[in-house]
Amino acid sequence: EGVKCLLQESKATNVEKHAKYKEGNVYFCCNNCLGKFEKMTDEEKTKLAAKANCQLVATKQYTQELCPFSGKELNDATAIKVNGAEVKFCCNNCKGKAEKLEGKEQVEEIFGEKAFEKGKFKPVKHETK
């Protein structure tokens with residue numbers, strides 16, 4: 001809920017319109033957007049990585065282990081929402097850095113591939129019975 005299409009950010013996603021991404025799914029508003037994504041080259045998909053990574057966190061398919069800026073342990077008191085995804089930082093300095101950023105820049109800095117790696121964002125493992 002509240003998650004926007006990867007390609008048309010003004011439109012809500014439809015849970016039935018999804019594609020595999022990393023160890024999860026990314027969601028789209030319609031078959032047109034889904035089709036465009038599926039036809040993209042890996043290089044084109046790389047340009048969408050921050051938005052896609054943000055969606056993985058917002059949909060609770062991935063969880064965060066460390067600060068995306070410093071790689072240090074998380075402080076629960078620093079949690080903020082970015083495009084529907086809750087993200088935490090190690091300290092108020094890193095939280096402040098994130099809050100000063102806006103829109104696409106904020107998503108890029110927090111969920112871009114380098115930050116995603118530094119923050120040790122990992123797939124949520126679901127118990128199977």
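Colleague: What is the relative accessibility of Glu113, and does the residue count as buried, exposed or partly exposed?
Modeller: The structure is a predicted model. A residue is buried under 20% relative accessible area and exposed over 50%, with partly exposed in between. Glu113 has a relative accessibility of 37%, so this residue counts as partly exposed.

Colleague: With which residue does Lys22 form a salt bridge?
Modeller: Side chains of opposite charge can pair when their charged atoms come close. For Lys22, the closest N and O atoms of the salt bridge are 2.7 Å apart, and the partner is Glu113.

Colleague: How many residues apart are Lys22 and Glu113, the pair that links distant parts of the chain?
Modeller: Lys22 forms its salt bridge with Glu113. Lys22 lies in the loop between strand S1 (14–21) and strand S2 (24–28), while Glu113 belongs to helix H6 (residues 113–118); this pair links distant parts of the chain, and the separation is 91 residues.

Colleague: To what degree is Lys22 accessible, in terms of relative accessibility?
Modeller: Exposed would require over 50% and buried under 20%. Lys22 falls in between and counts as partly exposed, because its relative accessibility is 38%.

Colleague: How far apart are the closest N and O atoms in the salt bridge between Glu23 and Lys125?
Modeller: A salt bridge requires a side-chain nitrogen of Lys or Arg within 4 Å of a carboxyl oxygen of Asp or Glu. Glu23 and Lys125 form such a pair, with their closest N and O atoms separated by 3.7 Å.

Colleague: Where does Lys125 lie, given that its pair with Glu23 links distant parts of the chain?
Modeller: Both Glu23 and Lys125 are exposed. The salt bridge joins Glu23 to Lys125. Glu23 sits in the loop between S1 and S2, 102 residues away from Lys125, which is found in the segment after strand S6 (122–123).

Colleague: Which strands hold Asp76 and Lys88?
Modeller: Asp76 and Lys88 form a salt bridge whose closest N and O atoms are 3.0 Å apart. The pair ties together parts that are 12 residues apart in sequence, because Asp76 and Lys88 lie, respectively, in strand S4 (residues 75–82) and strand S5 (residues 85–89).

Colleague: Which residues gather in a patch of negative charge on the surface?
Modeller: One member of the patch, Glu105, lies in helix H5 (residues 103–111). Glu105 is partly exposed, with a relative accessible area of 47%. The negative patch on the surface consists of Glu102, Glu105, Glu108 and Glu109.

Colleague: What is the angle between the planes of Phe28 and Phe37, which form an aromatic pair?
Modeller: The structure holds five aromatic pairs. Phe28 and Phe37 make up one tilted pair, 5.2 Å from centre to centre, with the planes at 45°.

Colleague: Is Phe28 buried or exposed?
Modeller: The limit for a buried residue is under 20% relative accessible area. Its ring partner Phe37 has a relative accessibility of 1% and counts as buried. Phe28 has 0% relative accessibility and therefore also counts as buried.

Colleague: How far apart are the ring centres of Phe111 and Phe121?
Modeller: The pair formed by Phe28 and Phe37 is tilted. The pair of Phe111 and Phe121 is also tilted, because the ring planes meet at 50°, and the distance between the centres is 5.8 Å.

Colleague: Which residues do ring pairs link into a cluster?
Modeller: Both Phe111 and Phe121 are buried. Ring pairs join these two into a cluster whose members are Tyr62, Phe111, Phe116 and Phe121.

Colleague: How many of the residues of H3 are buried?
Modeller: The buried residues of H3 include Ala49, Cys54, Leu56 and Val57. H3 is mostly covered: among its 10 residues, the number buried is nine.

Colleague: Near what value is the phi of Lys60?
Modeller: Lys60 lies in the loop between helix H3 (49–58) and strand S3 (62–63). Lys60 is exposed, with a relative accessible area of 60%. Its phi is positive in a residue other than glycine, near 60°.

Colleague: What separation is found between the C-alpha atoms of Phe69 and Cys94?
Modeller: Phe69 is located in the loop between S3 and S4. At 13% relative accessibility, Phe69 counts as buried. Phe69 and Cys94 are 25 residues apart along the chain, and their C-alpha atoms are separated by 6.7 Å.

Notes. Residues are numbered from 1 along each chain as its sequence is written. This is a predicted model: local features need pLDDT of at least 70, side-chain atom pairs count only at pLDDT 80 or more; totals for chains, interfaces and linings use all residues. Side-chain values use heavy atoms; hydrogens and water are left out. Patches are made of residues with over 30% relative accessible area and no salt bridge: like charges are joined within 9 Å, nonpolar side chains (Val, Leu, Ile, Met, Phe, Trp, Tyr) within 5 Å. Accessible areas come from the Shrake-Rupley method with a 1.4 Å probe; for residues, only the protein chains shown count as cover. Lys and Arg count as positive and Asp and Glu as negative; His and the chain ends are not counted. The place of a charge is taken as NZ of Lys, CZ of Arg, CG of Asp or CD of Glu. Helices (H or I, at least four residues) and strands (E, at least two) are DSSP runs, numbered from the N terminus. Buried means under 20% relative accessible area, exposed over 50%, partly exposed in between (1.4 Å probe, protein chains only). Rings of Phe, Tyr and Trp (its six-membered ring) pair if their centres lie within 6.5 Å; planes under 30 degrees apart count as stacked, over 60 as edge-to-face and the rest as tilted.
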